[in-house]
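Colleague: I am new to this one. Could you walk me through it?

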Amino acid sequence: PAHRIIAALAHDGLDVAEGTLAGVFAACADLLAPLAALITERNSAAAHLHIDETSWRVYAAVEGKDSHRWWCWVFVGPDTTVFTIAPSRSTKILTEHLGVDTDDDDQLPDALPGGRELLLSSDFYVVYQILGRVDGVDNLWCWSHIRRYFIRAGDAHPELAAWTAGWIERIAELYMAHTAMGAAEPGSTAHTWAAAQFSAALNTIDAERTAQMSHAALLHPTAAKVLATLDREWDGLAAHREFPELALDNNTCERALRRP
């Protein structure tokens with residue numbers, strides 16, 4: 001924040017007005033624009049991206065925008081991070097960043113240009129689901145988000161405490177196996193064992209969700225709703241089986257959004 005920078009400079013004996021600092025920021029923005037463009041270009045071409053967005057206030061009058069509510073988007077690639085302040089939370093922000101052309105009806109193409117493939121780590125928000133329908137794009141849904149659904153159900157309904165604890169334990173086993181895989185040397189006995197544990201944990205979750213959903217009418221309504229979400233998003237959650245080297249969740253973006 002500008003106030004913090006001014007305070008730090010004051011400790012070193014330099015008194016600067018906020019208006020002066022704002023002018024410096026404006027000048028730096030023009031100087032840094034070419035570098036920012038190159039970083040954005042590299043980020044948008046990455047084969048794997050973590051993506052998220054959060055509400056952001058822009059207190060400026062902008063034509064066509066009737067409120068101060070904007071959105072801060074973050075795109076985290078293997079070696080770049082890009083923040084974009086956008087007026088909406090629409091699919092258009094994604095397509096513009098990825099360089100995907102849309103037709104006059106703003107419809108997404110059948111496939112990414114040049115046969116490109118993209119792994120997209122995110123939550124279940126609808127714009128990511130829409131982008132996932134494009135050939136070449138695979139969704140990797142966030143296990144931390146689905147875990148949160150189970151926790152909220154248990155917090156809201158104490159009678160679901162044992163049910164919630166069971167699901168949290170299954171997800172914890174998945175995370176522990178995934179962490180063990182990441183810590184082991186590929187091809188080693190430890191890695192082979194951890195990979196087997198990871199697959200077994202996924203299979204256990206799959207079998208349990210299927211068994212419980214087969215008697216959905218007997219479940220607590222909130223439990224049934226959470227399991228319906230797990231069932232609906234299962235393909236994107238289970239896709240982590242094919243990409244065990246990638247994070248199980250989108251916490252990378254959750255943390256990045258604290259920085260602006």
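What follows is a short exchange on one helix, its rings and the loop after it.

Modeller: This is a predicted model, in which local features need pLDDT of at least 70, side-chain atom pairs count only at pLDDT 80 or more, and totals for chains, interfaces and linings use all residues. Residues are numbered from 1 along each chain as its sequence is written, and side-chain values use heavy atoms, with hydrogens and water left out.

Colleague: How far apart are the end C-alpha atoms of helix 5?

Modeller: Helices are DSSP runs of H or I, at least four residues, numbered from the N terminus; strands are runs of E, at least two. The expected span is 1.5 Å times one less than the number of residues. Helix 5 has 14 residues, 143-156, so it should span 20 Å. The model agrees: the end C-alpha atoms are 20 Å apart.

Colleague: Which residues of helix 5 are buried?

Modeller: Buried means under 20% relative accessible area, exposed over 50%, and partly exposed in between, with a 1.4 Å probe and protein chains only. Phe-150, at 1%, therefore counts as buried. The full list is Trp-143, Ser-144, His-145, Ile-146, Phe-150, Ala-153 and Gly-154.

Colleague: What covers the buried residues of helix 5?

Modeller: Contact means heavy atoms within 4.5 Å. The cover includes strand 5 (137-141), helix 6 (161-183), helix 7 (189-213), helix 8 (221-232), helix 9 (234-238) and helix 10 (251-256).

Colleague: How many aromatic pairs does the structure hold?

Modeller: Rings of Phe, Tyr and Trp (its six-membered ring) pair if their centres lie within 6.5 Å; planes under 30 degrees apart count as stacked, over 60 as edge-to-face and the rest as tilted. The structure's count is eight.

Colleague: Is the pair of Phe-150 and Trp-163 stacked or tilted?

Modeller: The ring centres are 5.3 Å apart. The planes stand at 50°, so the pair is tilted.

Colleague: And which helices hold Phe-150 and Trp-167?

Modeller: Their ring centres are 4.9 Å apart and their planes at 15°, so this pair is stacked. It ties together parts 17 residues apart in sequence, because Phe-150 lies in helix 5 and Trp-167 in helix 6.

Colleague: Which residue has its charged end over the ring of Trp-167?

Modeller: A charge sits over a ring if NZ of Lys or CZ of Arg is within 6 Å of the ring centre and within 35 degrees of the ring normal. Here the distance to the centre is 4.6 Å, and the residue is Arg-170.

Colleague: Is Pro-158 buried or exposed?

Modeller: Pro-158 sits in the loop between helix 5 and helix 6. Its relative accessible area is 62%, so Pro-158 is exposed.
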